[in-house]
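The questions below work through one chain, from its strand pairing to its core and its unusual backbone angles. Each answer is meant to be followed with the structure in view.

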Amino acid sequence: MTNIWSEAIQGLQPRLGAQTYDLWIRPLELRQVQGQRLLLTAPNRFMKEWFENHYRDVVLDELRARTAQDYHIEIDISAAGEASPNAAAAAAEPQSEPEAPPPPLPPLPALPPIGLSSRYRFSNFIKGSSNELAASAAWSVAQEPGARFNPFFIYGGVGLGKTHLLHAIGQHIHVHRPHLRIVYQSAERFMNEFISAVRFNQFDQFRARYREQCDVLLIDDIQFIAGRDRTMDEFFHVFNALYEAEKQIVVTADRMPGDMQGMEDRLISRLNWGLVADVKAPDLETRVAILKQKADVDRIDLPDDVALHLATHVRSNVRELEGSLVRVSTFAALKNQPLSREFVSEALGVSAAPAQAAPISIESVQKVVASHFSVRIADLKGPRRHQGISRPRMIAMYLSRQLTGASFPEIGLRFGGKDHSTVINACKRIESIQSEDSELRETVAALRQLLAHEPAHAAQLPS
Ligand code: ADP
Ligand code: MG
């Protein structure tokens, strides 16, 4: 059986890609086989859950394909890998692992890290499909700094929560492992400190601060040092020193390591060594959840339809979303009236019409779906029943129904004059497949998100 397991997972390697395989599949160990039950061990809870949510079904399919039998997978967490998440005191103690000697206790507890804001916590970070990997991995890093995902690299556009996650990691580590010395710094400050250290002959202090007296290094907006040769060089040495000492390094940037122009290749390669995760613009549901939380904190009475209205019109990033809530509620308070859709519309200069009026057209749905599945729009509208086309067609019909407010007959018409019953069946099929197939669910969510962010995009493109 052990052979079947390793053959199955190795067989999956080309399909999943080497990085995914190394990161999520390889670390699992087969412990025991009891009939059709496979007992595995994962290094930590995060990896167990990520595997269960994203890869378990694929592995089971592969096993079924190879053995014509249905297996169950159960996963334990290896004793050494699990930090106790809610026992602060226990977490601060050296762990009693038989293999590894306990870390030496420093003579004095470290001072609270400078520059970390307690405003940014995990507890007030809203998770959604746009930031799931980044947020879950950040949590894992915060619980077991240096153990896994080192370095951890978070990238994404402005105002999408990178700095928030960085602070949350720092805060969490500081609270649960107060003996660890955390250095949080923007790359710009890092550069300025480096320059003045060189200029005022204080390089020893600089080196001590970043290389010797640092257990966790959090650097925000690393793209800033791209093209600044001496700073990059210094950061390279800091990185190496900390990495070799198995200290946790977390870095954020506005783009992927390889896309930062002017960044040294050797740095790019190191930044890619660990886990690279992105944050995307949040989808509508996440935007609504963020607004509601912000309203709670600021004690703003925010009715559901107003939240939806705001979230529909402010799509670009979270900072703007929060800003618009503040603006609108101030506006309402000045006029001494409750928050309503009309206020939102007046303050933002948009129409107060219900959210269904959001400008997503059937054409944009067809275009986005066709390009995602690499099929032609003409095929979506055509009669071919080949799986590679009928599946995308059904998804496009389903999304058209969900997002454009068009009727079944109208959708049928725009898909090459199909009967409304065809559209109804397609919608039902996609709904029922989604309830079982997480991959399809994710695809549909991703398409929805694409559409939410590019409202009127090229609806007029020729099809
Ligand atoms: P970035 O560093 O990516 O430019 P920030 O981390 O500064 O963005 O986020 C901008 C604002 O949006 C902050 O106030 C932050 O708390 C908030 N924010 C971003 N993402 C989320 C989220 N998922 N949940 C709650 N607040 C968020
Ligand atoms: Mg930031």
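Two strands are said to pair if DSSP finds at least two bridges between them. The model discussed here is predicted.

Q: In which sense do S4 and S7 pair, and over how many bridges?
A: Within this pairing, Phe 152 of strand S4 (152-156) stands opposite Val 250 in S7. Two bridges are the minimum for a pair, and S4 and S7 are joined in the parallel sense over four bridges.

Q: What is the order of the strands in the open sheet of five strands?
A: S6 pairs in the parallel sense with strand S5 (residues 182-186) over five bridges, and Gln 185 has Ile 219 as its bridge partner in S6. S6 also pairs in the parallel sense with S7, over four bridges, where Val 216 stands opposite Gln 248. With S4 and S7 paired as well, the order of the open sheet is S5-S6-S7-S4-S8.

Q: Why is one side of S5 and of S8 left without a neighbour in the sheet?
A: The sheet is open and has the order S5-S6-S7-S4-S8. S5 and strand S8 (275-279) stand at its edges, so one side of each lacks a neighbour because each has a single partner strand.

Q: By what angle are neighbouring strands of this sheet turned against each other on average?
A: The five strands are arranged with parallel pairing. With direction ignored, the average turn between neighbouring strands of this sheet is 15°.

Q: Is strand S6 largely enclosed or open, and how many of its residues are buried?
A: In a regular strand, side chains alternate between the two faces of the sheet. On one side of S6 the buried residues are Val 216, Leu 218 and Asp 220, and on the other they are Leu 217 and Ile 219, so that both faces are covered. Strand S6 (residues 216-220) is therefore largely enclosed by the rest of the structure, the number of its buried residues being five of the five.

Q: What is the handedness of the β-α-β unit made by S6, H10 and S7?
A: Helix H10 spans 229-244 and strand S7 spans 248-253, with a loop between them that holds Glu 246. Together with S6, these two elements make a β-α-β unit that is right-handed.

Q: Which helix gives the largest share of the largest nonpolar core?
A: This core has 54 residues, and those with the most contacts inside it include Trp 5, Trp 24, Phe 152, Ile 169 and Leu 218. It draws at least three residues from each of domain 1 (2-77) and domain 2 (113-279). Its largest share, six residues, comes from helix H6 (residues 132-143).

Q: Which residues are in contact with Ile 169, leaving aside its neighbours within four places in sequence?
A: Ile 169 is one of the residues with the most contacts inside the largest nonpolar core, and both Phe 152 and Leu 218 belong to that group too. Beyond its sequence neighbours, the residues in contact with Ile 169 are Phe 122, Ala 138, Val 141, Ala 142, Phe 152, Leu 218 and Val 250.

Q: Which two residues are joined by a cis peptide bond?
A: Most peptide bonds are trans. Here, omega is about -5° at a bond involving Pro 151, a residue found in the loop between H6 and strand S4. The residues joined by this cis bond are Asn 150 and Pro 151.

Q: Is Glu 246 buried or exposed, and at what relative accessibility?
A: Most residues other than glycine have a negative phi. Glu 246, however, has a positive phi of about 60°, and it is found in the loop between H10 and S7. Since exposed means over 50% relative accessible area, Glu 246 counts as exposed, at 61%.

Q: What is the relative accessible area of Arg 299?
A: Arg 299 has a positive phi near 55° and lies in the loop between helix H12 (284-297) and helix H13 (304-313). Arg 299 is exposed, and its relative accessible area is 77%.

Q: Against which helices do the buried residues of H15 pack?
A: In helix H15 (residues 341-348) the buried residues are Arg 341, Phe 343, Val 344 and Ser 345. Just after this helix, Gly 349 takes a positive phi of about 70°. The buried residues of H15 pack against H13 and helix H14 (318-334).

Technical notes
Residues are numbered from 1 along each chain as its sequence is written. Chains are lettered from A and ligands numbered from 1 in the order in which they are written. This is a predicted model: local features need pLDDT of at least 70, side-chain atom pairs count only at pLDDT 80 or more; totals for chains, interfaces and linings use all residues. Side-chain values use heavy atoms; hydrogens and water are left out. A nonpolar core is a set of buried Ala, Val, Leu, Ile, Met, Phe, Trp, Tyr and Cys residues joined through side-chain atoms within 4.5 Å. Buried means under 20% relative accessible area, exposed over 50%, partly exposed in between (1.4 Å probe, protein chains only). Domain bounds come from an automatic or database domain assignment. Contact means heavy atoms within 4.5 Å. A crossover is right-handed if, with the strands pointing away from the viewer, the path from the first strand over the helix to the second runs clockwise. Axes are lines fitted to C-alpha atoms, for helices over the stretch in contact, and angles run from 0 to 180 degrees between N-to-C directions.
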